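The following exercises are meant to be worked through with the coordinates open, and each is followed by a solution in steps.

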Protein chains: 2
Amino acid sequence: MNLILFEEYECGLPLPKRDPRAVHLLKVLHKTVGDYFDAGVLGGQRGLGRIERVNSDGSIEVSLDLREEPLPRLLIRLAVGFPRPIQVRRLLRDMANMGVEAIDLVGTELGEKSYRDTTLLTDGGAREALIEGAVQARDTLLPVLAVYPSLGAWLAARPWHSGALLIAADNVRPAGIFSRLASETRAVVIAVGSERGWSEQEREQLESAGFTRLSLGKRALRTETACVAAVALAAQG
Amino acid sequence: MNLILFEEYECGLPLPKRDPRAVHLLKVLHKTVGDYFDAGVLGGQRGLGRIERVNSDGSIEVSLDLREEPLPRLLIRLAVGFPRPIQVRRLLRDMANMGVEAIDLVGTELGEKSYRDTTLLTDGGAREALIEGAVQARDTLLPVLAVYPSLGAWLAARPWHSGALLIAADNVRPAGIFSRLASETRAVVIAVGSERGWSEQEREQLESAGFTRLSLGKRALRTETACVAAVALAAQG
């Protein structure tokens with residue numbers, strides 16, 4: 001944990017003894033009363049926390065002095081064909097770590113239908129993974145997460161800034177190669193298919209919606225690896 | 001498995017019934033006698049395999065027709081401060097997936113000493129992770145893996161092509177930002193520190209050895225994420 005993150009409603013309340021953040025402060029960082037630590041409020045400011053008191057029940061009272069703005073977001077929206085549940089967690093963590101603005105999980109024709117049934121999205125697992133990634137980056141903001149049943153539904157919703165650069169990762173039938181495409185002022189939308197890529201129909205849908213198909217190279221990358229590589233390239237514009 | 005990979009010594013021998021590749025061919029891909037599949041020999045050619053016969057003991061006899069060269073390697077050598085064992089596996093898999101030429105695991109001053117004691121390097125786990133990444137990319141070549149006790153030892157060994165572009169990832173005290181730096185003809189060496197980054201002494205060592213310190217941005221990325229991002233940027237030069 002590079003930052004001890006509090007929910008808004010927790011501010012002013014003591015951290016319970018067994019709370020992972022309390023354990024991290026006392027057992028991993030070896031902090032004690034009077035010590036400072038990096039802190040932030042989810043969705044809000046960042047700054048310093050201070051351990052004021054350890055209560056007799058082991059809970060910790062802290063004070064917060066938060067004057068720093070959250071880190072700037074990358075103006076990048078990533079849509080990705082539903083990966084297998086174990087990958088969704090890592091994907092969300094990595095994308096929150098890199099600071100993308102939004103993540104859309106999209107059902108695709110060649111994607112495994114059963115992957116969409118993951119409980120991660122309803123049991124708090126997704127949020128936990130996003131928080132883990134944000135905390136790694138010392139950030140307090142999370143990407144906005146949404147789910148669409150199909151590429152068509154996503155394209156119809158057009159959940160992006162108008163004028164955004166629209167890119168679909170496609171190393172089977174690319175029209176060019178990925179490279180630094182973004183600028184600091186222009187939003188980028190990147191669509192990454194499922195493991196088996198895009199269907200021909202989806203390629204047509206993407207093309208009609210104004211997406212350019214670009215290759216990340218000759219190698220079939222794992223979904224999470226392709227997403228990290230694509231965001232890294234788009235972010236360095 | 002995007003490719004069924006054989007060791008040289010296995011060619012001509014039947015695949016045992018419970019071999020994961022046999023299980024994958026018959027149960028996942030639903031292949032049967034006469035069917036073709038993507039195949040390759042570790043360190044050698046790629047092409048097609050054919051199931052010739054399923055023996056009474058369940059083992060599979062295959063023939064191989066391998067005429068394709070392995071995929072070209074990225075002229076990238078990645079040195080990374082020993083990550084925790086669970087991360088080493090993913091790092092090796094991802095780097096083999098992306099096709100880097102070599103991976104050096106290096107002890108660093110701020111890295112956790114105990115991470116170096118991983119058994120992955122001696123129990124076959126590292127090789128298995130490299131193979132998993134190569135197979136994902138339909139490749140037959142693995143990055144060369146080496147271990148160095150310290151950054152100093154690695155810098156003294158200079159295990160890179162002369163004339164290579166030398167980069168150290170450093171978002172604490174960078175001299176510039178990462179961007180597309182490689183060219184198809186110039187080798188790149190990228191050094192990524194441990195989770196806590198470089199010590200001042202290591203920064204000096206890197207500078208003396210000709211490394212430029214470049215930032216991947218304001219966010220502290222996880223080690224594997226930083227490696228994938230850095231390789232993606234260097235590979236697209």
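**Exercise 1. In this predicted model, determine the strand order of the open sheet of seven strands in chain A, and explain which strands stand at the edges.**

Step 1. Following the pairing from strand to strand gives the order β7-β6-β5-β10-β8-β11-β9 in chain A, and the pairing is parallel.

Step 2. At the edges stand β7 (144–148) and β9 (176–177) of chain A, and because each has a single partner strand, one side of each is left without a neighbour in the sheet.

Step 3. Within the sheet, β8 (residues 165–169) and β10 (residues 188–192) of chain A are joined in the parallel sense over five bridges, and A:L166 is the residue that stands opposite A:V189 in β10(A).

Step 4. A helix can then be placed against these strands: α2(A) lies across β5 (74–81) and β6 (100–106) of chain A, and its direction makes an angle of about 160° with β6(A).

**Exercise 2. Describe how chain A is divided into domains, and state which element gives the most to the side of domain 1 that touches domain 2.**

Step 1. The assignment splits chain A into domain 1, covering 4–68, and domain 2, covering 74–235.

Step 2. The C-alpha centres of these two domains of chain A are 34 Å apart, and the contact between them involves eight residues of domain 1 and five residues of domain 2.

Step 3. On the domain 1 side, strand β2 (residues 36–41) of chain A gives the most, with three residues, while the class composition of that side is three nonpolar, three polar and two charged residues.

Step 4. For the chain as a whole, the C-alpha trace of chain A spans about 65 × 40 × 30 Å along its principal axes, and 45% of its 237 residues are buried.

**Exercise 3. Characterise the side of chain A that touches chain B, and then examine helix α6 of chain B.**

Step 1. The contact draws 26 residues from chain A and 26 residues from chain B.

Step 2. On the chain A side, the elements giving two or more residues are α2 (85–98) and α6 (223–235) of chain A, of which α6(A) gives the most, with six residues.

Step 3. Sorted by class, this side of chain A has 11 nonpolar, eight polar and seven charged residues.

Step 4. In chain B, helix α6 (residues 223–235) has 13 residues and reaches 18 Å from its first C-alpha to its last, close to the 18 Å expected at 1.5 Å a residue.

Step 5. Since 13 of the 13 residues of α6(B) are buried, this helix is largely enclosed by the rest of the structure.

Definitions and conventions:
Residues are numbered from 1 along each chain as its sequence is written. Chains are lettered from A and ligands numbered from 1 in the order in which they are written. This is a predicted model: local features need pLDDT of at least 70, side-chain atom pairs count only at pLDDT 80 or more; totals for chains, interfaces and linings use all residues. Helices (H or I, at least four residues) and strands (E, at least two) are DSSP runs, numbered from the N terminus. The expected span of a helix is 1.5 Å times one less than its number of residues. A residue is buried if 20 or more other C-beta atoms lie within 10 Å of its own, exposed if 12 or fewer, and partly exposed in between; C-beta atoms are placed from the backbone. Two residues are in contact if their C-beta atoms, placed from the backbone, lie within 7 Å. Ala, Val, Leu, Ile, Met, Phe, Trp, Tyr, Cys and Pro count as nonpolar, Asp, Glu, Lys and Arg as charged, and the others, Gly among them, as polar. Domain bounds come from an automatic or database domain assignment. Two strands pair if DSSP finds at least two bridges between them. Axes are lines fitted to C-alpha atoms, for helices over the stretch in contact, and angles run from 0 to 180 degrees between N-to-C directions.
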